[in-house]
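Here's a quick tour for anyone meeting this structure for the first time. Have a look at the picture, then read on.

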Amino acid sequence: MTDLAPPITAEAVGWTVELVSEPFTLGSEDVDVAVARLGEHAEQNGWDLVVGVTELPLRADDGRYLLAAIDARRRSAVLSLPALGGVRVQARARHAVRGLMDEMAEPATREDQRLPLPRISARGRLLMGMVLANRPWMLAAGLKSALVAALATGAVATIEPTVWSLAISLSGWRLAAAMVASIAILIAWIVIDGELWDRPEDDSPASRERSRLYNTSTILTLTVGIVICYLALYAVNLAWALFVLDTAVMSDALGRAVALPDLFVLTWFVASAATLGGALGTGLESDDSIRAATYSKREEERRARLAGERA
């Protein structure tokens, strides 16, 4: 952002772009509050134009989700990153900021503007943007105790003859059901243990809709993150099984012929068991660690503030 050229109507001499990172939208998903705070920052710092880029969704008074909003009098604007969707976010954010600066630098601009998202695709775009902002692929790295518990569970279960017998005796649909159940249990445990379920601040439709949006993004973030963790556990446990297990020894122990494909079935069952072990490991994590692993920085701060208010 800092190397953007000056607006078309602005003088190039002395043009500078200052980048400031702070939670100016903390607790202010309301677009009027957000642009008002930006205007105050502009006055305090002597800025000619100010554009706020937030990882939180913005809604207008009529309930529609917004891509951006412009306060013409204060020459300030706010852009919602989740509203850009999940494709080429950096390039699209740069292009959007460029357009907002050009619009505010135009002398003829005297009216506030709200740029709503299309009604049909608004919720889907927001959810995709919010989930990607939460970086679900980083979930395992943030929950280290859960990861250690899952790996330990998988390592022990892989060399247990009782697990061999049970895994090989299960049908495909039972193995699939065990996989889905283990993922669902881990999601529910993280939500409950980390107090991630968002509650409406009041009974207004807008507040309930905001809570539904945040809760849906939480579930989707955890689902994507845990599925990635499950696949990683499967790969690690498969490598471990291929390294330490001998099909001849397994055949003698089980009293039946065991082939190489049976190791893939065993690993599938062990990955489900290891996922449940990871659920126990999350109990060793603090609520702050769970929020940090699940959410983007701004959303983490918002959740921490709400948790503090409840406490």
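In this predicted model, helix H5 (residues 144–158) and helix H10 (residues 260–282) have axes that come within 7 Å, crossing at roughly 145 degrees. The crossing of H5 past H10 is right-handed. So who's touching whom? On the H5 side you'll find Ser145, Ala146, Ala149, Ala150, Thr153, Gly154, Ala157 and Thr158. They meet Leu266, Val270, Ala273, Ala274, Gly277, Gly278, Gly281 and Thr282 in H10. Sorted by class, the H5 and H10 contact has eight nonpolar and eight polar residues, with no charged ones.

Now for another pair of helices. H3 (residues 122–133) and H8 (residues 205–244) have axes that come within 9 Å and cross at roughly 50 degrees, and that makes H3 oblique to H8. The crossing of H3 and H8 is right-handed. H3 brings Arg123, Leu126, Leu127, Met130 and Val131 to the meeting, while H8 offers Glu209, Arg212, Leu213, Tyr214, Thr216, Ser217, Leu220 and Thr221. By class, the contact of H3 with H8 has seven nonpolar, three polar and three charged residues.

Why give an angle and a distance for each pair? Two packed helices are described by the angle between their axes and the distance between those axes. Here are the two pairs in table form:

| Helix pair | Axes come within | Crossing angle | Residues in contact, by class |
|---|---|---|---|
| H5 and H10 | 7 Å | roughly 145 degrees | eight nonpolar, eight polar, no charged |
| H3 and H8 | 9 Å | roughly 50 degrees | seven nonpolar, three polar, three charged |

Let's turn to a single residue, Asp71, which is found in strand E3 (residues 65–71). Is Asp71 buried or exposed? Its relative accessibility is 7%, so Asp71 counts as buried, the cut-off for buried being under 20%. As for its company, Asp71 touches Val35, Ser76 and Asp112, leaving aside residues up to four places away in sequence.

Finally, step back to the whole protein chain. How many helices and strands are there in the protein chain? There are 12 helices and five strands. The protein chain has 311 residues, and 40% of them count as buried. Take the contacts between residues at least 6 apart in sequence: 77% of these join residues at least 24 apart. The accessible surface of the protein chain comes to about 15,900 Å², and 61% of that surface belongs to carbon and sulfur atoms.

Methods. Residues are numbered from 1 along each chain as its sequence is written. This is a predicted model: local features need pLDDT of at least 70, side-chain atom pairs count only at pLDDT 80 or more; totals for chains, interfaces and linings use all residues. Side-chain values use heavy atoms; hydrogens and water are left out. Axes are lines fitted to C-alpha atoms, for helices over the stretch in contact, and angles run from 0 to 180 degrees between N-to-C directions. Helices (H or I, at least four residues) and strands (E, at least two) are DSSP runs, numbered from the N terminus. Angles under 35 degrees count as roughly parallel, over 145 as roughly antiparallel, 65 to 115 as roughly perpendicular and the rest as oblique. A crossing is left-handed if the near helix is turned anticlockwise from the far one by less than a right angle, and right-handed if clockwise. Contact means heavy atoms within 4.5 Å. Ala, Val, Leu, Ile, Met, Phe, Trp, Tyr, Cys and Pro count as nonpolar, Asp, Glu, Lys and Arg as charged, and the others, Gly among them, as polar. Buried means under 20% relative accessible area, exposed over 50%, partly exposed in between (1.4 Å probe, protein chains only). Accessible areas come from the Shrake-Rupley method with a 1.4 Å probe; for residues, only the protein chains shown count as cover.
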